[in-house]
Amino acid sequence: MDELSQDTLAAAGKVIAVHINYPSRAAQRGRTPEQPSYFLKPSSSLSLSGSMVERPEGCELLAFEGEVALVIGTRARRVSVEDAWDHVGFVTASNDLGVYDLRYADKGSNLRSKGGDGFTPVGPALLSARDVDPAALRLRTWLNGELVQEDTTGTLLFPFARLVADLSQLLTLEPGDIILTGTPAGASVAQPGDVMDVQVDAPGTGLSTGRLSTTVVQGTVPLADFGARPRTDETQRAEAYGTPQAAPAPGKPAAAPAPAPGPETVLTPELKAKLESVATATLSSQLRKRGLNNVSIDGLHSTRPDRKVVGVARTLRYVPNREDLFKTHGGGFNAQKRAIDSLQEGEILVMEARGEKGTGTVGDILALRAEVNGAVAIITDGGVRDVTAVGALGMPTYFANAHPAVLGRRHIPWDVDLTISCGGATVQPGDIIVGDADGVLVIPPALAEEVADDALVQEAEETYIAEMVADGHSVDGLYPMNAQWQEKYRDWATAREQGGRRPAP
């Protein structure tokens with residue numbers, strides 16, 4: 001790794017930025033481009049880590065966007081997608097800053113809104129493009145120490161090589177030129193005094209750019225009245241803050257963006273630990289005692305039967321393929337990709353595929369995306385593609401069968417986060433899912449605590465019964481325990497709790 005220096009900045013003849021490239025950002029904007037689009041930033045906007053950026057006097061919407069930056073290593077003109085990555089010399093972190101108050105002024109060129117001095121911090125370290133997988137990089141942004149952006153390059157709308165190849169068709173990319181490759185959801189507005197940090201790394205390799213740090217300061221010189229003056233409206237506020245809901249009302253103080261909240265659930269760490277410690281067979285017995293006989297997701301295999309999974313359900317429904325509807329709902333950032341891209345730590349994606357075994361419902365790239373997001377598992381009552389690669393992941397996937405075909409052969413991704421049917425069981429968003437080698441159960445959240453507590457009691461009783469059977473006792477009156485055995489069990493449990501020897505039967 002090399003430290004990025006003023007010489008690197010001086011070598012940048014041009015800085016090219018991509019408008020939208022992450023599915024999460026496309027979802028925020030409500031539009032998914034069919035082709036990449038770009039704008040230019042002047043090289044005078046470049047700055048190093050540790051620098052300060054000025055929010056112009058009279059402006060309020062200085063927005064940050066953490067991005068992966070590519071530094072061209074060798075001249076590229078009309079190169080193919082297959083050869084394009086060979087022309088990239090380095091990868092580093094960048095922050096595509098802009099003042100949305102001036103966005104209206106230049107008819108989409110972004111010159112004044114994004115071209116100000118210091119509006120493109122890059123660095124601090126350069127990672128050799130030869131040492132990294134361009135589809136396996138992680139991008140993170142912090143605002144005042146709070147993580148506000150995190151995404152990976154595995155599901156970009158336009159992979160890095162395509163950007164380089166596309167740009168090279170009409171303009172020559174020279175060594176030192178910098179390409180900003182887009183920002184994920186979570187970009188927002190910074191205030192004077194705020195500190196922004198951006199980092200790019202390759203998880204599992206130890207390679208990292210380090211944190212690119214930039215501090216916002218308030219400008220004191222007003223913009224001259226012979227040029228464009230700051231102007232804001234609801235649209236610009238919403239786009240600067242990411243969503244209309246995140247934007248404060250005019251005149252209200254702006255709050256720093258908070259990290260995305262985790263799933264709202266009764267699945268506390270304590271409850272999760274209880275459910276992880278008992279078998280699904282025991283939980284199934286307790287659910288049956290409460291009249292719930294149809295809460296198992298049946299007919300599936302696990303890629304990791306050695307792993308116990310406990311998590312909160314997110315749901316996705318496929319409908320049977322119809323060619324005209326697939327054209328409108330099957331491509332681009334469809335419901336399947338939205339569901340997987342939005343998964344959070346502790347969640348399990350449960351997919352309704354109608355038991356259809358003639359195609360795959362998920363493959364290795366999207367399964368990897370789910371794992372990187374922190375998902376506990378994927379469950380589908382349909383097929384899985386790339387089953388060897390999916391099985392190599394640490395995250396378990398439960399599935400009906402392997403199949404090489406893409407989902408469009410039989411399915412259209414249709415709805416996210418609604419009540420579905422999977423493997424004969426009804427699943428609602430927020431249900432608690434528990435799976436092991438015996439199978440998968442759906443536990444209503446309102447019953448989870450008492451089911452877990454009673455399951456722990458049941459397993460203690462069954463431990464005692466197993467010991468008695470091992471000692472040679474008949475199961476008659478012991479399994480289930482009659483009053484005499486219950487009394488002996490209580491003595492055994494008391495002694496066990498106190499750490500003493502178990503009483504003789």
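This is a short tour of one helix, two sets of paired strands and a few aromatic side chains, in a model that is predicted.

**Stop 1: helix H6**

Start by selecting residues 234-241, which make up helix H6. Is this helix mostly covered or mostly open? It is mostly covered, with 6 of its 8 residues buried. To see them, show the side chains of Gln 236, Arg 237, Ala 238, Glu 239, Ala 240 and Tyr 241. Now add the elements that these buried residues pack against: helix H2 (23-29), strand E6 (62-64) and strand E14 (188-190). Before leaving, step past the end of the helix to Gly 242, which follows H6 and has a positive phi, near 105 degrees.

**Stop 2: the sheet with E6**

Keep E6 and E14 on screen, and bring in E9 to complete an open sheet of 3 strands. Its order is E9-E6-E14, and the pairing is antiparallel. Strand E9 (98-99) and E14 are the edge strands, each pairing on one side only. Zoom in on E6 and E9, which are joined in the antiparallel sense over 2 bridges. Which residue of E9 stands opposite Ala 63? Look for Gly 98.

**Stop 3: strand E11 and its partners**

Next, select residues 138-143, strand E11. Here 5 of the 6 residues are buried, so the strand is largely enclosed by the rest of the structure.

Two partners are worth colouring separately:

- Strand E15 (residues 195-202) pairs with E11 in the antiparallel sense over 6 bridges. Find Arg 140, and opposite it in E15 you will see Gln 199.
- Strand E12 (residues 146-152) also runs antiparallel to E11, joined to it by 6 bridges. Here Thr 141 stands opposite Gln 149 of E12.

Follow the chain from E11 into E12 and you trace a hairpin with 2 residues between the strands. Pause at Asn 144 in the turn, where phi is positive at about 55 degrees.

**Stop 4: aromatic rings and charges**

For the last stop, show the aromatic side chains. How many aromatic pairs are there? The count comes to 5. Select Tyr 464, Trp 485, Tyr 489 and Trp 492 together, and you have a cluster linked by ring pairs.

Stay with Trp 485 and add Lys 488: the charged end of Lys 488 sits over the ring of Trp 485, 4.5 Å from its centre. Then move to Tyr 104 and Arg 231. The charged end of Arg 231 sits over the ring of Tyr 104, with 3.8 Å to the ring centre.

Note on methods. Residues are numbered from 1 along each chain as its sequence is written. This is a predicted model: local features need pLDDT of at least 70, side-chain atom pairs count only at pLDDT 80 or more; totals for chains, interfaces and linings use all residues. Side-chain values use heavy atoms; hydrogens and water are left out. Buried means under 20% relative accessible area, exposed over 50%, partly exposed in between (1.4 Å probe, protein chains only). Helices (H or I, at least four residues) and strands (E, at least two) are DSSP runs, numbered from the N terminus. Contact means heavy atoms within 4.5 Å. Two strands pair if DSSP finds at least two bridges between them. Rings of Phe, Tyr and Trp (its six-membered ring) pair if their centres lie within 6.5 Å; planes under 30 degrees apart count as stacked, over 60 as edge-to-face and the rest as tilted. A charge sits over a ring if NZ of Lys or CZ of Arg is within 6 Å of the ring centre and within 35 degrees of the ring normal.
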